[in-house]
Amino acid sequence: MHTVTDGGPGLSLTARTERGHVIAVLSGELDLTSAPAPREQLLRLLQSAAGRLVIDLSAVRYADASGLAVLVGTGRRARLLGGFLRLAAPAPAVAKVLRLTGMHRQLDTFPPSRPR
């Protein structure tokens, strides 16, 4: 399955299924104006993946409190479904916001892999 959807103003979301997990790639800004669309789309993706969702944040340039709320809410729903949410490769600005707010301790976050 390969799905490309619009994530709202200033944000795009692409999703694919790999080995029983849905990988969602967000690109752009995850903020107050864009948050409603990906919130709904990510929750729908959780249903199709039995709660196993990985969100690639490497192309997200900016995230505010509304964007973090989307991630926290998605993680909460994944746990209720018996699954999980993993955040992969957050861009430096997003990783900083996750650290400053303490969300990196609440959400499983995996840094970008380093070149060998």
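V72 is partly exposed, with a relative accessible area of 22%. For that wording, buried means under 20% relative accessible area, exposed means over 50%, and partly exposed lies in between, using a 1.4 Å probe and protein chains only. V72 has its place in helix α2. Here helices (H or I, at least four residues) and strands (E, at least two) are DSSP runs, numbered from the N terminus.

Before we walk on, a word on what you are looking at. This is a predicted model, in which local features need pLDDT of at least 70 and side-chain atom pairs count only at pLDDT 80 or more, while totals for chains, interfaces and linings use all residues. Residues are numbered from 1 along each chain as its sequence is written, and side-chain values use heavy atoms, with hydrogens and water left out.

Back to V72. Not counting residues up to four places away in sequence, V72 touches M103 and L107; a contact means heavy atoms within 4.5 Å. The C-alpha atom of V72 is also separated by 8.2 Å from that of Q106, although the two residues are 34 apart along the chain. Q106 belongs to helix α4 (residues 103-106), and Q106 is exposed, with a relative accessible area of 57%. Look from Q106 to G75 as well: these residues are 31 apart along the chain, and their C-alpha atoms are separated by 9.1 Å.

Now step back to the whole chain. Its secondary structure comes to four helices and six strands. If you follow the chain from the N terminus on, the elements run β-β-β-α-β-α-β-α-α-β. How much of the chain is buried? Buried residues make up 41% of the 116 residues. On the outside, the chain exposes about 6500 Å², and carbon and sulfur atoms supply 55% of that area. These accessible areas come from the Shrake-Rupley method with a 1.4 Å probe, and for residues only the protein chains shown count as cover. As for contacts between residues at least 6 apart in sequence, 61% join residues at least 24 apart.

Let us go inside. The largest nonpolar core has 27 residues, and those with the most contacts inside it are L53 and I55. Such a core is a set of buried Ala, Val, Leu, Ile, Met, Phe, Trp, Tyr and Cys residues joined through side-chain atoms within 4.5 Å. At least two residues of this core come from each of β2, β3, α1 (36-48), β4 (52-63), α2 (65-80), β5 and α3. The largest share, five residues, comes from β4. To see one of the core residues in its setting, find L53: leaving aside residues up to four places away in sequence, L53 touches V22, A24, L42, L45, L46, T74, F84, L85 and R86.

R86, the last name in that list, is worth following. The side chains of R86 and D108 meet in a salt bridge (3.0 Å, N to O). R86 lies in strand β5 and D108 in strand β6 (residues 108-110), so the pair ties together parts that are 22 residues apart in sequence. A salt bridge here is a side-chain nitrogen of Lys or Arg within 4 Å of a carboxyl oxygen of Asp or Glu. R86 counts as partly exposed at 24% relative accessibility, and D108 counts as partly exposed at 40%.

What does the charged end of R86 sit over? The charged end lies over the ring of F84, 4.0 Å from its centre. The rule is that NZ of Lys or CZ of Arg must be within 6 Å of the ring centre and within 35 degrees of the ring normal.

By the salt-bridge rule, the count comes to two. R16 forms a salt bridge with E18, with the closest N and O atoms 2.7 Å apart. R16 counts as partly exposed at 30% relative accessibility, and E18 is partly exposed too, at 33%.

Finally, visit two loops. R19 lies in the loop between β2 (11-18) and β3 (21-30), and A89 lies in the loop between β5 (84-88) and α3 (92-101). Phi of R19 is near 50°, a positive value in a residue other than glycine, and phi of A89 is near 50° as well. Are these two buried or exposed? R19 counts as exposed at 80% relative accessibility, whereas A89 is buried, with a relative accessible area of 18%.
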